[in-house]
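Reader: I should like to request a close look at one part of this model and its surroundings. Please take the residues in turn and give the cut-offs behind each term.

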Amino acid sequence: MSKNHLGDYRAAIQDYNKGIQLDPNDARTYNNRGLSKAQLSDHRGAIEDYNKAIQLDPNNAFAYSGRGFSKLLIGDFNGGCLDWSKAGELGDYDAYEFIKEYCQ
């Protein structure tokens with residue numbers, strides 16, 4: 001995560017890949033790798049990671065929120081808005097602000 005926070009997204013992805021090899025059932029690692037991929041504009045790859053994070057932890061509000069942004073950025077506005085709605089239901093209350101801004 002430190003590499004991600006420093007903006008070294010490619011190196012962060014490599015570390016997340018290793019983390020997934022060590023524990024392929026850690027939803028947070030998939031979510032974090034999705035965040036790094038999104039920062040590199042690999043939104044389809046990010047969506048795949050968010051999907052896996054949600055599969056492993058269906059209550060992961062932040063995976064829904066991140067997936068919402070990636071969906072929006074590939075032109076799936078309805079899908080993004082639905083994901084933000086779910087994120088809000090799960091406790092990511094910032095998602096409601098995203099809905100107000102992007103889903104009208």
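Author: Phe62 lies in helix 5, a helix being a DSSP run of H or I with at least four residues, numbered from the N terminus. The model is a predicted one, in which local features need pLDDT of at least 70 and side-chain atom pairs count only at pLDDT 80 or more, while totals for chains, interfaces and linings use all residues. Residues are numbered from 1 along each chain as its sequence is written, and side-chain values use heavy atoms, with hydrogens and water left out.

With a relative accessibility of 55%, Phe62 counts as exposed; the class requires over 50% relative accessible area, whereas buried means under 20% and partly exposed lies in between (1.4 Å probe, protein chains only). Leaving aside residues up to four places away in sequence, Phe62 touches Asn31 and Asp92, where contact means heavy atoms within 4.5 Å. Between Phe62 and Arg33 there are 13 Å in space, C-alpha to C-alpha, and 29 residues in sequence.

Helix 5 also holds Lys71. Unlike the exposed Phe62, Lys71 counts as buried, because its relative accessibility is 16%. Its contacts, again not counting residues up to four places away in sequence, are Ile47, Asp76, Gly79, Gly80 and Asp83.

A further residue of helix 5 (residues 61–73) is Phe69, which leads to the aromatic rings. A pair of aromatic rings is described by the distance of the centres and the angle of the planes. Rings of Phe, Tyr and Trp (its six-membered ring) pair if their centres lie within 6.5 Å; planes under 30 degrees apart are stacked, those over 60 edge-to-face and the rest tilted. By this rule there are six aromatic pairs. In one of them, Phe69 and Trp84 have ring centres 4.9 Å apart and planes at 70°, so the pair is edge-to-face. Since Trp84 belongs to helix 6 (residues 77–89), the pair ties together parts that are 15 residues apart in sequence. Phe69 counts as partly exposed at 28% relative accessibility, while Trp84 counts as buried at 0%. Another pair, Tyr93 with Tyr96, is stacked, with 6.4 Å from centre to centre and 25° between the planes. Here Tyr93 is exposed, its relative accessible area being 59%, and Tyr96 is partly exposed at 34% relative accessibility. Phe69 and Trp84 join Phe98 and Tyr102 in one aromatic cluster.

Tyr102 closes the residue range of helix 7 (residues 94–102), in which Lys100 also has its place. Lys100 counts as exposed at 56% relative accessibility. Its C-alpha is 21 Å from that of Asn60, and 40 residues separate the two in sequence.

Arg33, to which Phe62 was related above, takes part in the contact of helix 2 with helix 3. Helix 2 (residues 9–22) and helix 3 (residues 27–39) pack at about 155°, with their axes 9 Å apart; axes are lines fitted to C-alpha atoms over the stretch in contact, and angles run from 0 to 180 degrees between N-to-C directions. The two helices are therefore roughly antiparallel, a term for angles over 145 degrees. From helix 2 come Tyr9, Ala12, Ile13, Tyr16, Asn17, Gly19 and Ile20, which meet Thr29, Tyr30, Asn32, Arg33, Ser36, Lys37 and Gln39 in helix 3. By class, this contact has six nonpolar, six polar and two charged residues.

Notes: Parallel < 35°, antiparallel > 145°, perpendicular 65-115°, else oblique. Nonpolar A, V, L, I, M, F, W, Y, C, P; charged D, E, K, R; others polar.
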